[in-house]
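Biologist: I'd like to learn to read a fold like this one strand and one helix at a time. Can you take me through it?

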Amino acid sequence: MSAVNGVPQDEKRPTLSRREFTSGMASSVLVYGLLEMLWSRGLFADAVKPIVNQWFHELYTTGQDLYGQKLKDTEFQAKLEELLRRADLQELVKFVDLDKIASTAKLPQTGALSTSFDLAQVEGLPAELNFGRQIFCMGKSRAVVPHGHENMVTGFIVLKGSFHGRHYDRLESHADHYIIRPTIDDTFGAGGVSTISDHKDNVHWFQCDSETGFIFNAHFMDYDPTISEPSGRLYLDPDGEKLAGGLIKAPKMDWDSSHAKYG
Ligand SMILES: [Fe+2]
């Protein structure tokens with residue numbers, strides 16, 4: 001499991017308050033319990049279909065080109081998006097039994113539950129993978145709240161449910177705000193794909209429109225040695241002052257304020 005104190009890598013934050021740490025511990029127990037339950041009940045597929053096996057291999061080898069500086073982040077982002085669009089959704093969904101998760105996991109009152117999953121059954125993948133992965137699970141009107149990242153390329157594919165998804169380019173960073181520009185505002189049903197990088201569609205925000213919703217996420221972090229900023233979430237409020245040219249002055253937020261308004 002790639003979660004640390006219950007905080008998945010894509011949700012990694014630079015600092016944790018005591019309350020956040022405590023809730024993180026609780027979340028960790030929940031996630032561990034969920035994984036243990038899945039294993040003990042044999043809910044993971046006995047054998048991974050070759051097509052899914054091959055897909056995870058491509059995810060890994062394409063990522064190696066990013067880390068090997070053979071691809072710029074936006075070039076890799078395009079390849080990641082293409083790879084996600086080629087995913088065999090049915091097989092990916094079967095890889096972990098989403099219906100079982102929906103019926104047994106207690107979804108949070110705010111925000112999204114995030115769980116990782118084991119890829120040990122994918123033959124030939126190295127033990128040390130170059131990507132983090134997780135599944136976001138949430139109830140109606142709950143959200144992966146608006147945030148950006150530094151030094152990360154990450155991709156979403158909706159496994160089940162319907163989402164209102166929005167992206168923004170993050171153009172400028174200031175002490176207490178960012179300047180952002182809306183780029184994507186759409187409905188994402190099963191199979192819907194979106195990606196972010198440092199230079200394109202860097203901010204994402206997904207609100208669940210259906211009773212439950214599931215998103216698969218793969219993320220590649222710390223690929224650019226010249227970027228020293230941590231790759232944790234940068235919370236911000238897209239509901240900020242409207243500027244000329246369609247730009248928005250988006251105040252910085254923290255986990256609490258963001259989830260209070262958008263979770
Ligand atoms: Fe993210």
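Modeller: Start with pairing: two strands pair if DSSP finds at least two bridges between them. Helices (H or I, at least four residues) and strands (E, at least two) are DSSP runs, numbered from the N terminus. Residue numbers start from 1 along each chain as its sequence is written. The model is predicted, so to speak, with a filter: local features need pLDDT of at least 70, side-chain atom pairs count only at pLDDT 80 or more, and totals for chains, interfaces and linings use all residues.

Biologist: Which residue stands opposite Ala143 in strand 8?

Modeller: That's Gln207. Strand 3 and strand 8 pair there in the antiparallel sense, over 3 bridges. Gln207 is also the bridge partner of His164. Strand 5 (residues 163-173) meets strand 8 (residues 203-208) through 6 bridges, again antiparallel, and Gly165 stands opposite Phe206.

Biologist: What is the order of the strands in that open sheet of 7 strands?

Modeller: Read it as 10-3-8-5-6-12-11, with antiparallel pairing. Strand 10 (234-235) and strand 11 (241-242) each have a single partner strand, so one side of each is left without a neighbour in the sheet. Helix 6 (residues 255-262) lies across strand 3 (143-148) and strand 10, at about 135° to strand 3. Angles like that run from 0 to 180 degrees between N-to-C directions, with axes fitted to C-alpha atoms, for helices over the stretch in contact.

Biologist: Is strand 8 buried or exposed?

Modeller: We call a residue buried if 20 or more other C-beta atoms lie within 10 Å of its own, exposed if 12 or fewer, and partly exposed in between, with C-beta atoms placed from the backbone. In strand 8, 6 of the 6 residues are buried, so this strand is largely enclosed by the rest of the structure. Val203, Trp205 and Gln207 point one way, His204, Phe206 and Cys208 the other. Over the chain, buried residues make up 40% of the 263.

Biologist: And the open sheet of 5 strands: what is its order?

Modeller: That one goes 1-2-9-4-7, with antiparallel pairing. Strand 1 (113-115) and strand 7 (193-196) are at the edges, each pairing on one side only. From one strand to the next, the twist averages 25°. Strand 4 (residues 152-160) and strand 7 share 4 antiparallel bridges, and Ile157 has Val193 as its bridge partner. Helix 3 (residues 73-85) lies across both strand 4 and strand 7, at about 15° to strand 4.

Biologist: How do I read a helix, then? Which residues are buried in helix 2?

Modeller: An α-helix has 3.6 residues a turn, so residues three or four places apart point the same way. In helix 2, Trp55, Phe56, Leu59, Gly63 and Leu66 are buried. They cover an arc of only 95° around the axis (taken from the directions from the helix axis to the C-beta atoms), which puts them on the same side of helix 2. That buried set packs against helix 3, strand 4 and strand 9 (212-221). The face turned away carries the exposed residues Pro50, Thr61 and Gln64. Just after helix 2, Gln69 takes a positive phi of about 60°.

Biologist: Where is Arg133 found, and what is it in contact with?

Modeller: Arg133 is in strand 2 (residues 132-139). Contact means C-beta atoms, placed from the backbone, within 7 Å. Leaving aside neighbours within four places in sequence, Arg133 contacts Ser116, Phe117, Asn217 and Ala218. Arg133 counts as buried because 20 other C-beta atoms lie within 10 Å.

Biologist: Which residues have the most contacts inside the largest nonpolar core?

Modeller: A nonpolar core is a set of buried Ala, Val, Leu, Ile, Met, Phe, Trp, Tyr and Cys residues joined through C-beta atoms within 7 Å. The largest has 53 residues, and Phe136, Cys137, Val153 and Ile215 have the most contacts inside it. Not counting residues up to four places away in sequence, Phe136 touches Ala112, Ser114, Val144, Phe214, Ile215 and Asn217.

Technical notes. Contact = placed C-beta atoms within 7 Å.
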